[in-house]
Amino acid sequence: MKYYVYSDTKNFYIERAKRVGAYNMVCQHYHSSYEFLFILDGKRYVFFNDRTYELTRGDLVILTPYTIHYTESRDSEYAEIYALNLNTAFLSPLFTDGETEKQIHNIHSCVLHLDEKSFDTILNLCEQMNSFLGMQKPFCTNILRSYIFIFLNKINALCINNSSSINENRGMEYSNDFVKAVSYIVKNYKNDITLDFISNYVHMSKSYFCYVFAKETGSTFLQYVNNLRAAEAHRLLLETDMKIHEISNNVGFHSVAHMTRIFKEIHGVSPTAFRRNIKTEN
């Protein structure tokens with residue numbers, strides 16, 4: 001079983017799904033696209049950055065590219081959600097990069113709780129996007145792009161205007177010390193962090209820290225650190241001209257060989273081959 005997971009997505013994907021009974025992700029993963037999870041009914045849990053969130057009706061999860069996350073049902077037997085993945089390049093035939101950038105400028109990874117008016121607006125946009133997805137009639141794809149553009153505009157505004165209503169602590173079962181530990185890892189994963197150090201940092205035994213960490217995040221401590229490093233390496237390979245050894249040093253891997261081993265577990269190819277394949281496709 002692979003634990004270091006990159007989940008590739010289509011340029012645009014939307015699904016209205018009902019989860020009945022226990023349904024947990026196999027492990028953490030990340031995308032190179034935006035992901036939105038909109039809770040219509042029931043309850044679900046999501047972990048990203050340094051917190052676990054309990055999600056109920058009206059919660060909107062926003063995950064920017066390369067954000068490691070994990071979802072599970074825990075005590076809930078039912079959830080109805082809209083799940084949406086978007087690579088903003090999908091909008092380029094209709095909108096310029098500058099126009100799209102204005103719509104995503106303030107969008108960041110967070111959880112927003114929507115009031116009824118915003119709930120209805122987002123639900124209506126999701127229904128419209130879902131209805132036009134896959135239609136082969138003339139102009140349908142551009143109509144879909146228009147709805148996506150409006151959706152991003154609304155999300156961008158929500159991130160600005162509703163910052164005070166962002167959920168930050170719902171669902172965390174453990175002490176602030178554990179939050180402190182994960183927050184430290186997120187901020188310092190590019191440095192050398194050991195299990196001994198981080199468990200001492202929050203005054204937990206290693207065994208208890210490992211138990212809590214796996215239960216809350218869906219991975220081991222080492223897997224999570226390597227996931228963060230691999231996601232950032234992925235971004236740098238795509239978005240910069242940094243040399244492989246520079247990327248390895250920048251994201252916290254001990255060597256190019258170490259980064260290559262982890263990267264191949266995710267993508268099946270070395271970082272060098274990955275970058276070469278991307279350039280060939282473009």
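# A tour of sheets, pockets and a cavity

Start by selecting Arg19, Gly21, Lys43, Arg44, Ser73, Ser76, Glu77, Tyr78 and Ala79, which line the largest cavity. The model on screen is a predicted one. The space in this cavity comes to about 30 Å³, and a search of the whole structure finds 1 cavity of 30 Å³ or more. Sorted by class, the residues of the cavity lining are 2 nonpolar, 3 polar and 4 charged.

**Stop two: the sheet of five strands**

Next, colour β1, β7, β2, β5 and β8, in that order. These 5 strands make an open sheet, ordered β1-β7-β2-β5-β8, and their pairing is antiparallel. Look at the two edges, where β1 and β8 (110–113) stand: each has a single partner strand, so one side of each is left without a neighbour in the sheet. From one strand to the next, the twist averages 15 degrees.

Zoom in on β2 and on strand β5, residues 59–63. The two run antiparallel and are joined by 4 bridges. To find one of the paired positions, select Phe36, whose bridge partner in β5 is Ile62.

Now add helix α2, residues 116–132. This helix lies across β1, β2 and β7. Its direction makes an angle of about 115 degrees with β2.

**Stop three: the sheet of three strands**

Hide the first sheet and show β4, β3 and β6. Here 3 strands form an open sheet, in the order β4-β3-β6, again with antiparallel pairing. At the edges are β4 (51–55) and β6 (69–72); each has a single partner strand, so one side of each is left without a neighbour in the sheet. Ignoring direction, neighbouring strands of this sheet are turned by 20 degrees against each other on average.

Select strand β3, residues 44–48, together with β4. They run antiparallel, with 5 bridges joining them. Which residue of β4 is the bridge partner of Phe48? The partner is Arg51. Arg44, at the start of β3 (residues 44–48), was also in the selection for the first stop, as a residue that lines the largest cavity.

**Stop four: the second largest pocket**

Bring the first sheet back. The second largest pocket has a volume of about 430 Å³. It is lined by 21 residues; select Arg19, Met25, Glu35, Leu37 and Ala83, which are the closest to its centre. Arg19 also belongs to the lining of the largest cavity.

Which elements each supply at least two residues of this lining? They are β1 (12–20), β2 (34–42), β6 and β7 (78–86). Of these, β1, β2 and β7 are strands of the five-strand sheet, while β6 is part of the three-strand sheet. By class, the lining of this second largest pocket holds 8 nonpolar, 7 polar and 6 charged residues.

**Stop five: the largest pocket**

Finish with Tyr6, Asn11, Ser32, Asn87 and Leu238. Among the 22 residues that line the largest pocket, these lie nearest its centre. Two elements, α7 (221–239) and α10 (271–281), give two or more residues to the lining. Select α10 to see the element that gives the most, with 4 residues.

The volume of the largest pocket is about 660 Å³. How many residues of each class are in its lining? There are 9 nonpolar, 9 polar and 4 charged residues.

Terms used:
Residues numbered from 1 in each chain as written. Predicted model: local features only at pLDDT ≥ 70, side-chain atom pairs only at ≥ 80, totals over all residues. Heavy atoms only, no water. Pairing = 2+ DSSP bridges. Axes fitted to C-alpha atoms, helices over the stretch in contact; angles between N-to-C directions. 1 Å grid on protein atoms, 1.4 Å probe; cavity = no way out; pocket = protein on both sides within 12 Å on 5 of 7 lines; lining within 4 Å. Points joined across faces, edges and corners; volume = space filled by probe spheres on them. Nonpolar A, V, L, I, M, F, W, Y, C, P; charged D, E, K, R; others polar. Contact = heavy atoms within 4.5 Å.
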